[in-house]
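Subject: Structure for you to look at

Dear colleague,

I am passing on a structure that I would like you to look through at your own pace. Please open it first, and then read my notes beside it.

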Amino acid sequence: MLSRHAETLFWIGRYVERSSYITRMMDVAYNKQLERSARSSDEVWWDLLRVLYLEDDYRAEYGEDVTTASINRYLVFDTENSSSVKSSVTQARTNMMNVRDIVPLELLETMNRLHAQLGAGGLEDFVEQTPHQIYETVAGQCRAITGAVDEAMPRDDGYRFLMIGRLLERAEMTCRMVDVNRTVSGRDVSSWMTVLRSVSGFHAFTREHGPLAPADEVVEFMLLEPSFPFGVLHCLQRAWQLTQEVIGAGTWQSPRLAGRLTADLQYADIPAVDSPDLEGVLERIENGIRETSEALHHDLYQFGGDPLLYSFEAL
């Protein structure tokens, strides 16, 4: 497989997962700000922007005014914002068209469907009163894309690179989900249950721990549970396995970094939700994911070339 095709598939996986996860985080933040006073609800949105590293960019465009409508327009529909859902979907579709001879038709069709829905403008009517319609539409279409990948793509290196991108993005975004909720909710159990629902983990968690388990157990579940598909450890373990399966990856640096990051997390002690040490743990995981992603890029182009890195500069 050509290196540029491999990296294109890697970033398709990241862009699709990013689109899905940003809407999940917005859904959690939207539900949380409904429970707050007007001034306190603004802080929920600022915390979300801070976790996404978009606080300064938002201020440059909208000033200090933060509303449900402005946040939804900025994070979902603003094409000037390279971090928005619409920008990510557009990048994913552009990349997919560049490798349309590699990806199955079913995947192209589902991607085009999401791109068309975001581009038609109909969803923008829901930015203020019923943003859940936006979140459910994007998340549902991203699940359809995931289904097309699982059902239609052969398990070759193309599939592996797409999945590596998806898993690394999911692990990083789960860390950010934990970070934003520990900031705005602390030990509030109901808020953590909402977080679990947003990542389809409520049933799996409550079946083992019960619905009244403390916040510390939720965080540990999201970071260390190897059987939870959105869990950080699960994603890192699977990404590490896939990097080892890539043909010709025996001398690569990225599998070593992924394996080291996985081992460090597997045997880590997770601090309490209200401990400042938790922020440091999350930051180290995110830095390790970025280092692994950069190492994979260099592995692909270790023999030269002038590649275009499809980077997401906000990350």
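The notes below go from the whole chain to its salt bridges, and then to a few single residues.

Please keep in mind from the start that this is a predicted model, and that the values below were computed from it.

The secondary structure of the chain consists of 14 helices and zero strands, and if you read along the sequence you will find the pattern α-α-α-α-α-α-α-α-α-α-α-α-α-α. The radius of gyration is 19 Å, which is close to the 20 Å that the globule rule gives for 315 residues, so the chain is as compact as a globular protein of that length. Along its principal axes, the C-alpha trace spans about 55 × 45 × 35 Å, and buried residues account for 57% of the 315 residues.

Next come the charged pairs. Side chains of opposite charge can pair when their charged atoms come close. How many salt bridges does a search of the whole structure find? The search finds 20 salt bridges, and I describe three of them here.

One is the salt bridge between E169 and R18, in which the closest N and O atoms are 2.8 Å apart. Because E169 lies in helix 8 (residues 157–184) and R18 lies in helix 1 (residues 3–34), this pair ties together parts that are 151 residues apart in sequence. Both E169 and R18 are buried, and they also belong to a network of salt bridges that links R14, R18, E169, E172, R176, E286 and R290.

Another is the salt bridge between R160 and E245, where the closest N and O atoms are 3.5 Å apart. This pair, too, links distant parts of the chain, with R160 in helix 8 and E245 in helix 12 (residues 232–245), 85 residues apart. R160 counts as buried because its relative accessibility is 15%, whereas E245, at 39% relative accessibility, counts as partly exposed.

The third that I picked out joins E55 and R50, with the closest N and O atoms 3.2 Å apart. Is E55 buried or exposed? At 16% relative accessibility E55 counts as buried, while R50, with a relative accessible area of 36%, is partly exposed.

On the surface, a negative patch is formed by D56, D57, E61 and E80. Of these residues, E61 has its place in helix 3 (residues 55–62), and because its relative accessibility is 42%, E61 counts as partly exposed.

Finally, there are two residues whose surroundings you may like to compare by eye. L167 lies in helix 8 and is buried, with a relative accessible area of 5%; the C-alpha atoms of L167 and F230, which are 63 residues apart along the chain, are separated by 8.7 Å. R284, in contrast, has its place in helix 14 (residues 276–300) and counts as exposed because its relative accessible area is 56%. From R284 to R93 the distance is 31 Å in space, C-alpha to C-alpha, and 191 residues in sequence.

As you go through the model, you could begin with E169 and R18 in helix 8 and helix 1, and then follow the network that includes R176 and R290.

With best wishes

Technical notes: Residues are numbered from 1 along each chain as its sequence is written. This is a predicted model: local features need pLDDT of at least 70, side-chain atom pairs count only at pLDDT 80 or more; totals for chains, interfaces and linings use all residues. Side-chain values use heavy atoms; hydrogens and water are left out. Patches are made of residues with over 30% relative accessible area and no salt bridge: like charges are joined within 9 Å, nonpolar side chains (Val, Leu, Ile, Met, Phe, Trp, Tyr) within 5 Å. Accessible areas come from the Shrake-Rupley method with a 1.4 Å probe; for residues, only the protein chains shown count as cover. A salt bridge is a side-chain nitrogen of Lys or Arg within 4 Å of a carboxyl oxygen of Asp or Glu. Lys and Arg count as positive and Asp and Glu as negative; His and the chain ends are not counted. The place of a charge is taken as NZ of Lys, CZ of Arg, CG of Asp or CD of Glu. Helices (H or I, at least four residues) and strands (E, at least two) are DSSP runs, numbered from the N terminus. Buried means under 20% relative accessible area, exposed over 50%, partly exposed in between (1.4 Å probe, protein chains only). The radius of gyration is taken over C-alpha atoms; the globule rule is 2.2 Å times the number of residues to the power 0.38.
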